[in-house]
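Let's walk through this one together, starting with the overall build and ending at a pair of rings. Have a look first.

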Amino acid sequence: MRILALLFILFILGSLASALYYLIKDKGQTDRTVKMLTIRVGLSLALFILLMAGYYFGIVPQSGLR
């Protein structure tokens with residue numbers, strides 16, 4: 001579960017970096033920045049739901065991921 005959470009965090013950071021790159025490169029002419037930020041929000045929401053489900057089913061203990 002810890003590895004999966006770390007992978008999600010890496011993908012979220014990658015999406016955020018990609019959005020910054022498109023923001024600088026496209027200078028607001030395209031909607032690629034918005035698409036990448038939408039993907040980031042979706043990944044963040046999926047990570048939150050995954051962690052809540054893991055806590056509910058006992059995969060993530062009350063002390064957190066260690």
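A residue is called buried under 20% relative accessible area, exposed over 50%, and partly exposed in between, using a 1.4 Å probe and protein chains only. By that count, 18% of the 66 residues in the protein are buried. Keep in mind that this is a predicted model, where local features need pLDDT of at least 70, side-chain atom pairs need 80 or more, and totals for chains, interfaces and linings use all residues. Residues are numbered from 1 along each chain as its sequence is written, and side-chain values use heavy atoms, with hydrogens and water left out.

On to the overall outline. The C-alpha atoms fill a box of roughly 45 × 15 × 15 Å along the principal axes. The radius of gyration is 15 Å, whereas a compact globule of 66 residues would come in near 11 Å (taken over C-alpha atoms; the globule rule is 2.2 Å times the number of residues to the power 0.38).

What about secondary structure? There are 2 helices and 0 strands, counted as DSSP runs (H or I, at least four residues, for helices; E, at least two, for strands) and numbered from the N terminus. The axes of α1 (residues 2-26) and α2 (residues 32-56) come within 8 Å and cross at roughly 165 degrees, so α1 is roughly antiparallel to α2 (angles over 145 degrees count as such, under 35 as roughly parallel, 65 to 115 as roughly perpendicular and the rest as oblique). Those axes are lines fitted to C-alpha atoms over the stretch in contact, with angles from 0 to 180 degrees between N-to-C directions.

Finally, Tyr-56 and Phe-57 are both exposed.
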